[in-house]
Amino acid sequence: MACNTVLQALLDALGEDVVQFGERIAYRRNADWSGVPAAQPLAVLCPRTTQQVSQALAICHEYRQPVVVQGGLSGLAGAACTQEHDIALSLERMNVIEEIDEVSGTMTVQAGTILQTVQERAAAIGMMFPLDLGARGSCTIGGNLGSNAGGNRVIKYGMVREQVLDLEAVLADGRIIGGLRKMVKNNTGFDLKNLLIGSEGTLGIITRAVLRLRPQPAAVATACCGLADYDSVTALLRTAQQRFASGVSAFEVMWPGYYNYVLANISGLKPPLPAQHNYYVLLESMGTEPERQQADFERLLQECLETGVIEDAAVATTQRDALDFWSVRDAPAEFPVLMPKLIAFDVSFSIRDIGQAAQDCAARLGARWPGCTVLVYGHLGDGNLHLIVDVPGAAAETVEQVEALVYGLVNEYNGSVSAEHGIGLKKRNVLGLTRSASDLDAMRAIKLALDPHDILNRGKVLPDRY
C-alpha cells in the first residue's frame with residue numbers, strides 16, 4: 001500500500017525517534033480547540049531540526065502524501081485538525097530560543113517555542129515581546145505566525161506580522177527559504193516572510209523566526225470605564241489616542257450582556273464598577289515615566305467624566321487591581337464549560353460601524369431564536385469583534401443558520417469573516433464573503449506554485465472553486 005511505502009521511506013530517512021505511528025500516537029490530541037472533527041493520522045513526525053523537516057517534506061512531496069503541521073493545538077479554526085490519511089508534523093521538539101541580541105533587540109527562536117516562554121525570557125532582560133493572548137501558555141510561535149495572531153495589544157504594536165523581522169521555512173518539496181536577518185528595513189524583492197505569515201501552513205512550514213523585541217514599559221496605567229453609548233466609546237478612543245504620548249496599548253470593549261454574564265456565572269470575578277452601564281471599556285496605556293504616566297492617565301479620565309464622555313471609571317492603583325480588571329475581559333476561557341454548544345465568531349468591521357453592526361446582529365439573533373444568549377466583546381481599537389451565541393438545544397442545522405445570519409451581516413457591513421483566528425476548515429466556505437473571486441484565484445495560483453501537489457494542509461483555507 002502507498003501509505004506503507006511512504007512510512008517506510010520516512011522511517012529509513014528519519015528513524016523511529018522522529019516517525020511515530022500506531023500505539024505510539026494512540027493517545028495524542030488530533031484537533032485544536034475549534035470543535036472541527038478530527039481523526040488519528042497515519043503517523044506523527046516530530047523532527048528536531050529544520051533539516052529533518054526538509055527531509056520529511058521532500059519524501060511526502062515525492063509520494064503526494066498530505067501533511068498537517070501542528071503547534072500547540074490552541075487554534076480556533078481547524079487548521080491543525082488531522083484525518084486518517086494525513087501525516088501530522090509536530091514542531092513540539094523544536095522549542096529552543098537560539099539567541100537573544102539585546103543590541104539589535106531581537107530573539108531568534110524555533111517555531112515550537114511557547115509564547116509565554118518568549119515573553120518571560122524577554123522580560124528577564126528588560127525587554128518585551130508585545131504579542132499576548134489567552135493561550136499564551138500553550139500556543140507556539142509557529143502557530144502564532146501561521147495564523148497571524150492578534151491579541152490584546154494590536155492597537156499599539158500591530159498583529160504578529162509586525163513583530164517578526166525574518167523567518168526560515170520549508171516549502172512543500174523540502175527546499176528551505178529565509179535568511180534569519182535582523183534588519184527592520186529589508187526591501188529586497190517579494191516579501192516571502194509576510195506571504196507565509198497568515199497562510200496557516202498551506203504554503204510552507206515555518207521552522208525558525210527572528211522576533212522583534214521592544215523596551216519593557218516602566219509604567220502601565222489601567223482603568224475600567226462605564227459609558228452610556230457607542231459615540232462615547234469612540235470619543236474616548238480618539239481622545240486617548242490623541243492625548244497619551246506613548247499611545248493606547250489596549251482598548252477592550254464589553255457590551256453589558258457579556259459583562260453581566262461573566263460576573264454572574266464565573267466565580268472569583270469582581271465587578272470593577274458599582275452601577276450598570278451600556279458599555280464597559282478596559283483602557284490601558286504604557287509609558288516610561290511612572291508618575292507622569294499615571295497623572296496624565298487620571299487627568300484624562302477626570303476630564304472625560306466632567307464632559308460626560310464617560311459615566312464612571314475605576315483606576316487600577318496596584319497590579320492586583322489591573323489583573324482583576326483583565327480577569328473580567330479574559331473570562332471567555334470559561335465559556336466552553338458554561339456553554340458546551342456555543343457558536344463563536346471572530347469578525348471585524350470598521351470602528352465606525354461596530355456599534356450598529358453589533359446591535360443589528362443581537363437584534364436579529366434574538367428575533368430568530370428567542371431566549372438565546374448573545375455575548376459581545378472585543379478589541380475595538382482595531383475593529384475586532386468577538387461574538388458568542390448559545391441557542392438552547394441547537395441542532396446542526398441551527399448552527400448553520402446562526403452562521404449564515406452572522407456572516408451575512410458581516411458581508412452587509414463590508415467586514416471580515418476572520419479578524420485574528422484564521423480560516424482553517426471552519427471558515428473556508430465563507431471566505432468568499434470577504435474576498436473577491438479574483439482574490440481567491442490569486443491565492444490558488446500562489447498555492448499551486450509553491451505546493452503543486454497540494455500536500456500542505458490540503459483542503460484548508462481556500463474554498464472549493466465551484
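Is C46 buried or exposed? I looked this up before anything else and found that C46 is buried, with a relative accessible area of 1%, where buried means under 20% relative accessible area and exposed over 50%, with partly exposed in between, for a 1.4 Å probe and protein chains only.

I note that this is a predicted model, in which local features need pLDDT of at least 70 and side-chain atom pairs count only at pLDDT 80 or more, while totals for chains, interfaces and linings use all residues. Residues are numbered from 1 along each chain as its sequence is written, and side-chain values use heavy atoms, with hydrogens and water left out.

I then searched for disulfides, a disulfide being a pair of cysteine sulfur atoms within 2.5 Å, and the count came to zero. C46 is in no disulfide, since the nearest cysteine sulfur, that of C60, is 13 Å away. For C225 I found the closest cysteine sulfur in C224, at 6.6 Å, which is too far for a bond; C225 is also buried, at 0% relative accessibility.

Next I turned to C60, which is among the buried residues of helix α2, as are T50 and H61. Helices (H or I, at least four residues) and strands (E, at least two) are DSSP runs, numbered from the N terminus. Helix α2 covers residues 50-62, and R64, which follows α2, has a positive phi near 60 degrees.

Last, I looked at strand β16 (residues 343-348), where five of the six residues are buried. β16 pairs with strand β18 (residues 384-390) in the antiparallel sense over six bridges, pairing being called when DSSP finds at least two bridges between two strands, and F345 stands opposite L387 in β18.

Note on methods:
The expected span of a helix is 1.5 Å times one less than its number of residues.
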